[in-house]
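Visitor: Could you walk me through this structure, one question at a time? I would like to see the reasoning behind each answer.
Guide: Gladly, let's have a look together.

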Amino acid sequence: MHSLDVARLRGETKGCDRVIHFNNAGASLPPDAVHHAVVGYLEQERLIGGYETAAMYGEVLESFYAHFARLLNCQAHEIAFVENATRAWDMAFYSIPLGPGDRIITAKAEYVSNFLAYLQVARDKGVTIDVVPNDATGQLDTGALESMIDERVKLIAMTHVPTQGGLVNPAVEVGSIARKHDILYLLDGCQSVGQMPIDVNRIGCDMLSGTGRKYLRGPRGTGFLYVRGRRIQALSPPFIDLHAARWTAKNQFEIRKDARRFENWECFFAGKVGLAKAVEYALSIGLESIYRRIQQLAHYLRESIESMPGFHVHDLGREKCGIVTFAHDVLSVSTIQASLARHQMNISVTSVTSARLDFEDRCLRELARASVHYFNTEQEVNRFCEQLDGLAKRQ
Ligand SMILES: *Cc1c(COP(=O)(O)O)cnc(C)c1O
């Protein structure tokens, strides 16, 4: 496996000249190729019209599905374009028939919007939510999961990489348990797709949602959903339109047979072209190489932060990814974020409201989140840490 040509990749990312961007879990810097794809599409719409541009770009728009099929190791008809990860996840989740007494099993690191949906169906449909405890490393305890399974469990839903830390949950092990018991398995891959190799067949998930703007480096306002072919027919989308279904007779309709039943007709066409380009770009670099580089940088960043007096890293898990969370004994995380921003260094803040189960367990309210990508460098990590250290010493 060859190592990455970081200088070239930085040269293809205009934003690298302006900022130290450690907010790739928020929204990454898009490569120039993605930017040009979006702008070029919009320019065509301006010149010849929106419907006419869509016709002209027919093949490019269609290639979206083939690129994702390659990225996730699935079929093109198992992919839907959705406006963001949350709505993609919702389309899958609210399609699942659930009723009184049914159980949903999830994990401690679960994302806020997913958990809100569980709470809603628990209230409205009498469904029970069960949360699997973590093991000693902080990832989902697969032994505990196995012991919680019974015939009432209708769904295992898990966040692969949480928004609030470097944890990578054991998606493959969870998948083998779901498969063994033939239980639907919905994986939130919002922070993992684009960051690491994802193979839906190796994982064994039935549904996987993700976004364009994070580790895939696509445009904002784009996302996608994967649904396993043999599961599609049993999932009735919570809403349908003239794209998801056909009005075949006055009192009849037919829902599409592929995953595009989860799409809607009107969408961000330029964004779809941009996201297709972003996937192509990631594939051309290689997801194995991307992940190796991200893990090396994140490891270096964690060690550097830990070595500074007063700072502490808070990431859980056996396997850790590019999301690095930390805090200082005295400085507030918003002070840290604001001070870094004045020096063109981007991070974000993650708080208890994003992942209440996890943060309450650890008695945390908020953490600074620095998320690195393959185009970041060791020198950027050094400058970033000098800035942090300087800030702490001026206290
Ligand atoms: C960001 C995030 C989401 C939401 O993605 P959107 O595209 O903003 O809807 C969902 N899950 C996780 C784990 C996330 O980090």
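Visitor: Let's begin with S5. How many of its residues are buried?
Guide: Keep in mind that this is a predicted model. Strand S5 covers residues 153-159, and S5 is mostly covered. Of its seven residues, the number buried is six.

Visitor: Which strand runs parallel to S5 and is joined to it by five bridges?
Guide: Look at the residues facing each other: Leu155 of S5 stands opposite Leu184, and Thr159 stands opposite Asp188. Both of those partners belong to one strand, residues 184-188, which runs parallel to S5. That strand is S6.

Visitor: And S3, how many bridges pair it with S5?
Guide: S3 and S5 pair in the parallel sense. One place to find the pairing is Arg103, which stands opposite Val153 in S5. The number of bridges is three.

Visitor: What is the strand order of the open sheet?
Guide: The sheet has seven strands, with mixed pairing. Its edge strands, each pairing on one side only, are S2 (79-82) and S4 (128-132). Neighbouring strands are turned against each other by 20 degrees on average, direction ignored. From one edge to the other, the order is S2-S8-S7-S6-S5-S3-S4.

Visitor: S2 is an edge strand. Are its faces covered or bare?
Guide: In a regular strand the side chains alternate between the two faces of the sheet. In S2, Ile79 and Phe81 are on one side, while Ala80 and Val82 are on the other. These four residues are all buried, so by the under 20% cut-off both faces of S2 count as covered.

Visitor: Which residue is the bridge partner of Ala80 in S8?
Guide: S2 and S8 run antiparallel and are joined by four bridges. Ala80 finds its partner across that pairing, in S8. The partner is Leu225.

Visitor: At about what angle does helix H5 run to S7?
Guide: Helix H5 spans residues 85-93 and lies across several strands, including S2, S3 and S8. S7 (207-211) is also one of the strands it lies across. The angle between H5 and S7 is about 160 degrees.

Visitor: Which residue forms a salt bridge with Asp130?
Guide: The closest N and O atoms of this pair are 2.7 Å apart, and both residues are buried. Asp130 lies in strand S4 and its partner in strand S3, so the pair ties together parts that are 27 residues apart in sequence. The partner of Asp130 is Arg103.

Visitor: How many salt bridges does the structure hold?
Guide: Some of them form a network, linking Asp182, Asp206, Arg228 and Arg231. Another joins Arg256 and Asp258 at 2.8 Å, N to O. For the structure, the count is 22.

Visitor: Lys393 and Asp389 meet in a salt bridge too. Which helix do they lie in?
Guide: The two residues are four apart, about one turn of the helix. An α-helix has 3.6 residues a turn, so residues three or four places apart point the same way. Lys393 is exposed, at 61% relative accessible area, whereas Asp389 counts as buried at 18%. Both lie in H15.

Visitor: Why are the buried residues of H8 on the same side of the helix?
Guide: The residues in question are Ala171, Val174, Gly175, Ile177 and Ala178. They sit on the same side of H8 because the arc they cover around the axis is only 160 degrees.

Visitor: What do those residues of H8 pack against?
Guide: H8 spans residues 171-180 and is followed by Asp182, whose phi is positive, near 50 degrees. The buried residues of H8 have both strands and helices as packing partners. These are H7, S5, S6 and H9.

Visitor: One more: how many residues make up the largest nonpolar core?
Guide: Phe68, Leu72, Ile156, Tyr185, Ile305 and Phe384 touch the most other members of this core. Leu72, for instance, touches residues including Ile79, Val193, Leu208 and Phe224. A second, separate core has 26 residues, among them Trp89 and Met91. The largest core has 90.

Key. Residues are numbered from 1 along each chain as its sequence is written. This is a predicted model: local features need pLDDT of at least 70, side-chain atom pairs count only at pLDDT 80 or more; totals for chains, interfaces and linings use all residues. Side-chain values use heavy atoms; hydrogens and water are left out. A nonpolar core is a set of buried Ala, Val, Leu, Ile, Met, Phe, Trp, Tyr and Cys residues joined through side-chain atoms within 4.5 Å. Buried means under 20% relative accessible area, exposed over 50%, partly exposed in between (1.4 Å probe, protein chains only). Contact means heavy atoms within 4.5 Å. Two strands pair if DSSP finds at least two bridges between them. Axes are lines fitted to C-alpha atoms, for helices over the stretch in contact, and angles run from 0 to 180 degrees between N-to-C directions. A salt bridge is a side-chain nitrogen of Lys or Arg within 4 Å of a carboxyl oxygen of Asp or Glu. The arc is that of the directions from the helix axis to the C-beta atoms.
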